[in-house]
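Dear colleague,

Please find below the structure that I promised to hand over, followed by an account of what was found in it. I have tried to explain each term where it comes up, so that you can read along with the model open beside you.

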Amino acid sequence: MNAKLGIAPIAWSNDDLPELGGQTTLETCLQESRAAGFSGVETGGKFPKTSAELGPKLAAFGLSLASGWYSGTVLDAPDDLAAEKEKVSDQLKLFRDLGAACLAYGETAGTIQNIRTAPLETRRRLDEDQIRTYGHRLTRFAEYCAEMGVPLAFHHHMGTGIETEEDLDLLMRHTGEAVGLLYDTGHMRFAGGDHLRVIEKHGRRIIHVHAKDVRDPVIASLDRAHDSFLDAVLAGAFTVPGDGSINFDAVARRLADAGYQGWFIVEAEQDPVKAPPAEYAIIGYRALSAALQKAGYNILGENTHERVAG
């Protein structure tokens, strides 16, 4: 089985909280990614939006484009999806040109993930009929993305309409095969779900993995009637594999048993002052690569000790 290790830019800067790492340059992000051993990255706010600009920057550091977040609004979109297709077109072209594995689709219609004043418990909630309608529309959008050469990987996420294990179960039930699953350990644990059971139920739909750890004591201390998702981030709810509460040996074994092959992305929304990105990138890389190797994965592009000039 083959795996590739990548890292998300949120390890250095946060697009929802620009004050966290906003001063860090893209070149620093890329240099520290490669120096830590990663062979790929996901896009963020600092990244150029065209392949002519981004391709050479990645190549200079020997990095591939693994994927990247897309802020979708299919939930509230008209049935013809015309505006959504237009909105995604440039990103699909960029990802297709640079060989990204998938589009990391996050549903942002009605999201509170980026609203500091919105308590966690006020997130949008959908019943099964609403998820059924949404699922049919999302399937058509995913089929369009596939036709354009980039598979869609749905990212369940705190603060959105598809947050919990139950939400995800319903979405998987009411979507077609074109809707792949972006499995995120940290967001599922934060939402109170069983992150290992999710693999057992939906392993064949997983096409991309975000390996995010959590600090359970921080999550347990939150007042969800008052604290927002961004408050939780600032409090240190998330961290990299090897520094939190999740057993990634077990995660890797379950994913191997499910037959998953592809990218594993280390991701952790953290304050870079409290958690120096270069240091935590190495912690995450070493912990995750060790877990994957124990599970029988062959890590492609492994290069832990290479230093690339910035």
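Strand 5 (residues 152–155) and strand 6 pair in the parallel sense, with 4 bridges between them; strands and helices here are DSSP runs numbered from the N terminus, strands being E runs of at least two residues and helices H or I runs of at least four, and two strands pair if DSSP finds at least two bridges between them. Within this pairing, Phe-154 stands opposite Leu-181 in strand 6. The chain gets from strand 5 to strand 6 through helix 5 (residues 165–173), and this β-α-β crossover is right-handed, a term that applies if, with the strands pointing away from the viewer, the path from the first strand over the helix to the second runs clockwise. Please keep in mind that this is a predicted model, in which local features need pLDDT of at least 70 and side-chain atom pairs count only at pLDDT 80 or more, while totals for chains, interfaces and linings use all residues. Residues are numbered from 1 along each chain as its sequence is written, and side-chain values use heavy atoms, with hydrogens and water left out.

On its other pairing, strand 6 is joined by 4 bridges to strand 7 (residues 206–211), and the two run parallel, with Tyr-183 standing opposite Val-209 in strand 7. In a regular strand the side chains alternate between the two faces of the sheet. In strand 6, Val-179, Leu-181 and Tyr-183 point one way while Gly-180, Leu-182 and Asp-184 point the other way, and all are buried, where buried means under 20% relative accessible area, exposed over 50% and partly exposed in between, with a 1.4 Å probe and protein chains only. Because 6 of the 6 residues of strand 6 (residues 179–184) are buried, the strand is largely enclosed by the rest of the structure.

Parallel pairing also appears earlier in the chain, where strand 2 and strand 3 are joined by 4 bridges and Thr-43 stands opposite Gly-68 in strand 3. From strand 2 the chain crosses through helix 2 (residues 51–60) to strand 3, again as a right-handed β-α-β crossover. Strand 3 in turn pairs with strand 4 in the parallel sense over 4 bridges, and the bridge partner of Ser-71 in strand 4 is Gly-106. The connection from strand 3 to strand 4 passes through helix 3, and this β-α-β crossover is right-handed too.

Two strand residues may help you to find your way around. Ala-104, which has its place in strand 4 (residues 103–107), is buried, with a relative accessible area of 1%. Leaving aside neighbours within four places in sequence, Ala-104 is in contact (heavy atoms within 4.5 Å) with Ser-67, Gly-68, Trp-69, Tyr-70, Ala-153 and Leu-182. His-210 is found in strand 7 and is buried as well, at a relative accessible area of 2%. Although His-210 and Glu-267 are 57 residues apart in sequence, they are 6.4 Å apart in space, C-alpha to C-alpha, and Glu-267 is among the residues that His-210 touches, as are Glu-42 and His-155.

Turning to the aromatic residues, a search of the whole structure finds 10 aromatic pairs, in which rings of Phe, Tyr and Trp (its six-membered ring) have their centres within 6.5 Å, with planes under 30 degrees apart counted as stacked, over 60 as edge-to-face and the rest as tilted. Phe-38 and Tyr-285 form an edge-to-face pair, at 5.1 Å centre to centre and with 90° between the planes. Since Phe-38 lies in the loop between helix 1 (26–36) and strand 2 (40–43), and Tyr-285 in helix 11 (residues 277–294), the pair ties together parts that are 247 residues apart in sequence. Both Phe-38 and Tyr-285 are buried. In addition, Tyr-70, Tyr-105, Phe-141 and Phe-154 form one aromatic cluster.

Finally, how many disulfides are there? The count comes to 0, a disulfide being a pair of cysteine sulfur atoms within 2.5 Å. The sulfur of Cys-102 is 11 Å from the closest cysteine sulfur, in Cys-145, which is too far for a bond. Cys-102 counts as buried, at 0% relative accessibility, and Cys-145 counts as buried at 0% relative accessibility.

With best wishes
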